[in-house]
Amino acid sequence: MSLSTLSPAACSVVQPLLPVVGARTRVPLATGGEAVYANLDNAASAPALQTVADRVARVLPHYASVHRGAGYLSRTTTALFEQAREQVGAFVRARPDDVVVFTRSTTDALDLLSRAVPAGAEVLVADVEHHANLLPWQRSARTTVVRGGTDAEETTALLEAGLATGRYAVLAVAGASNVTGEVLPLRRLARAAHAAGARIAVDGAQLLPHRRVDVAADEIDWIALSGHKLYAPFGSGALVGRRDWLDAAEPYLAGGGATLDVSHDAVRWAQGPDRHEAGSPNVVGAVALAQACATLSALPAGALEAHETALRDRLVAGLTALDGVAVVRPHPGDAVGVVTFTVPGQEVSKVAAYLSAEHGIGVRDGRFCAHRFANSLGLVEGGLRASTGVGTGTADVDRLLAAVEQFLTSGPELEYGIVDGHWGPLHDLRPAPERFLDSTREPG
Ligand code: PMP
């Protein structure tokens with residue numbers, strides 16, 4: 001593949017947009033030697049922003065018990081936690097009376113919301129959803145799963161038609177697909193939901209790292225997010241949105257912090273976020289998430305989109321130009337930096353193992369916790385997913401393209417087979433992953 005075959009947009013060279021921790025971390029190669037890790041698996045978990053790591057380091061010496069302590073640092077920690085709540089709400093431009101509940105992740109947030117749906121409510125979901133936005137609804141409420149269309153426009157139209165029946169209390173939808181990257185028109189869907197007397201719950205896991213969302217202007221009722229996909233891998237996520245159903249629901253966890261008063265025969269539960277945050281909250285995770293929100297918010301308008309469009313275009317064009325690669329539904333409309341492809345005739349796990357072992361490139365393979373969607377796209381045996389983030393530059397994309405091209409033209413240098421239950425090189429010079437950290441220096 002030569003770059004002269006790419007479109008002008010795909011030819012533009014882009015540098016990482018923001019510094020991330022570990023950008024220069026070197027990994028060993030199975031062939032001997034090492035390479036700087038090319039992280040093209042941001043959609044699974046993104047590296048920490050440098051600002052996030054700095055903030056965590058700054059906060060830790062001031063960390064003490066939260067909510068209960070009278071000590072000065074306890075009060076400081078409580079203030080940091082509550083400020084983090086405000087910052088996360090501001091990041092998604094929540095309405096003043098919305099609630100921000102800290103959770104462990106998007107999965108946790110959607111599970112919480114699914115349990116707050118009033119009895120008898122019916123939920124509408126498309127089969128393009130990640131399991132996190134499919135299985136909790138199916139367990140908690142009467143749920144209709146419609147087959148998605150052949151593109152985002154068709155899926156939107158199918159959801160609108162479903163809503164128009166007037167049966168549904170909730171439309172649950174992903175802002176962006178973790179398989180194809182396609183972005184759904186949230187404002188349009190919110191309006192269709194509201195016109196039909198339903199509410200809209202958005203899985204923001206893949207959208208928020210790439211796009212600014214305006215919950216108030218887009219009329220979104222709830223949005224769920226994960227810190228580890230937003231460059232804050234410290235175990236925190238959030239559910240942001242309307243408080244009425246959440247205040248009326250059973251507390252998500254029963255325990256300290258969620259109560260106003262506990263007597264011998266009665267419990268008075270708190271309302272607002274406390275109701276669903278029993279136990280000691282993950283203050284450091286919340287602060288890290290809030291810092292990531294602040295750093296992304298401070299980017300000039302359009303910078304995120306321009307950065308990732310250039311990378312995505314280059315990925316799609318470069319992969320499409322390779323004879324022997326099939327790009328899965330290369331979305332012509334708005335899409336985030338998530339591109340899935342296959343190398344027909346080759347096991348995806350073998351190709352992923354080769355990219356890691358011989359080139360130091362990290363991608364994801366499989367069905368990406370979206371089995372129904374993957375199956376409907378013909379990915380019953382799985383696909384390979386390359387996903388970009390603010391720490392990605394053209395050089396990372398080009399390394400992937402060159403490595404795939406080499407696989408197709410000369411084949412892997414090593415022999416591959418199943419080793420310890422996974423595809424891998426039969427002779428591997430790399431130290432076992434569990435020993436890697438101890439065998440290496442601090443990255444420079
Ligand atoms: N929704 C989407 C679209 C996702 O891509 C993911 C993670 N792959 C999730 C939800 C679940 O996120 P988490 O694992 O952080 O709960």
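1. Asp420 sits in the loop between strand 18 and strand 19, and with a relative accessibility of 74% this residue counts as exposed, because the cut-off for that class is over 50%. The model is a predicted one, and every value in this note is to be read with that in mind. The phi angle of Asp420 is near 50°, a positive value in a residue other than glycine. For a first reading of such an angle, it helps to recall that most residues other than glycine have a negative phi.

2. The two strands on either side of Asp420 form a hairpin, with 2 residues between strand 18 and strand 19. Strand 18 covers residues 416–419 and strand 19 covers residues 422–425, and the two pair in the antiparallel sense over 4 bridges. Within this pairing, Ile418 stands opposite Trp423 of strand 19.

3. Tyr231 also has a positive phi, of about 70°, although this residue is not a glycine. Is Tyr231 buried or exposed? Tyr231 belongs to the loop between strand 9 and strand 10, and at 1% relative accessibility this residue counts as buried, whereas Asp420, at 74%, counts as exposed.

4. The loop that holds Tyr231 also holds Ser236, which is found between strand 9 (222–226) and strand 10 (237–241). Ser236 has 2% relative accessibility and therefore counts as buried, the cut-off being under 20%. Leaving aside neighbours within four places in sequence, the contacts of Ser236 include Phe102, Thr103 and Arg104, then Ser226, Gly227 and His228, and also Asn282, Gly285, Ala286 and Leu289.

5. Strands 9 and 10 run antiparallel and are joined by 5 bridges, and one pair of bridge partners is Trp222 and Gly241, the latter in strand 10. Both strands belong to an open sheet of 7 strands, which has the order 4-10-9-8-7-5-6 and mixed pairing. The edge strands of this sheet are strand 4 (99–103) and strand 6 (142–146), each of which pairs on one side only. On average, neighbouring strands of the sheet are turned by 20° against each other, with direction ignored. Across strand 4, strand 8 (199–203), strand 9 and strand 10 lies helix 4, made of residues 106–115, and this helix runs at about 150° to strand 9.

6. Another open sheet has 4 strands in the order 13-14-17-16, with antiparallel pairing. Why is one side of strand 13 and of strand 16 left without a neighbour in the sheet? Strand 13 (326–327) and strand 16 (364–366) stand at the edges and have a single partner strand each, so one side of each has no neighbour there. Strand 16 pairs with strand 17 (residues 383–387) in the antiparallel sense over 3 bridges, and Arg364 stands opposite Arg385 in strand 17. As background to both sheets, strands of a sheet pair through backbone hydrogen bonds, either parallel or antiparallel.

7. Helix 10, residues 303–320, lies across strand 13, strand 14 (338–342) and strand 17, and runs at about 10° to strand 14. Helix 10 also packs against helix 13 (residues 394–409) at an angle of about 15°, with the two axes 10 Å apart. Helix 10 is therefore roughly parallel to helix 13, since angles under 35 degrees count as such, and the crossing of these two helices is right-handed. From helix 10, Leu311, Arg314, Leu315, Gly318 and Leu319 meet Thr394, Val397, Asp398, Leu400 and Leu401 of helix 13. Sorted by class, this contact has 6 nonpolar, 2 polar and 2 charged residues.

8. Helix 2 (residues 50–59) and helix 9 (residues 283–297) give a further helix pair, whose axes come within 9 Å and cross at roughly 140°. That angle makes helix 2 oblique to helix 9, and the crossing of helix 2 and helix 9 is right-handed. The residues that meet are Thr51, Val52, Arg55, Val56 and Val59 in helix 2, with Val284, Val287, Ala288, Gln291, Ala292 and Thr295 in helix 9. By class, the contact of helix 2 with helix 9 has 7 nonpolar, 3 polar and 1 charged residues.

9. Val267 lies in strand 12, which covers residues 267–269. At 38% relative accessibility, Val267 counts as partly exposed. Apart from neighbours within four places in sequence, Val267 is in contact with Thr259, Asp261 and Val262.

How values were computed. Residues are numbered from 1 along each chain as its sequence is written. This is a predicted model: local features need pLDDT of at least 70, side-chain atom pairs count only at pLDDT 80 or more; totals for chains, interfaces and linings use all residues. Side-chain values use heavy atoms; hydrogens and water are left out. Two strands pair if DSSP finds at least two bridges between them. Contact means heavy atoms within 4.5 Å. Axes are lines fitted to C-alpha atoms, for helices over the stretch in contact, and angles run from 0 to 180 degrees between N-to-C directions. Angles under 35 degrees count as roughly parallel, over 145 as roughly antiparallel, 65 to 115 as roughly perpendicular and the rest as oblique. A crossing is left-handed if the near helix is turned anticlockwise from the far one by less than a right angle, and right-handed if clockwise. Ala, Val, Leu, Ile, Met, Phe, Trp, Tyr, Cys and Pro count as nonpolar, Asp, Glu, Lys and Arg as charged, and the others, Gly among them, as polar. Buried means under 20% relative accessible area, exposed over 50%, partly exposed in between (1.4 Å probe, protein chains only).
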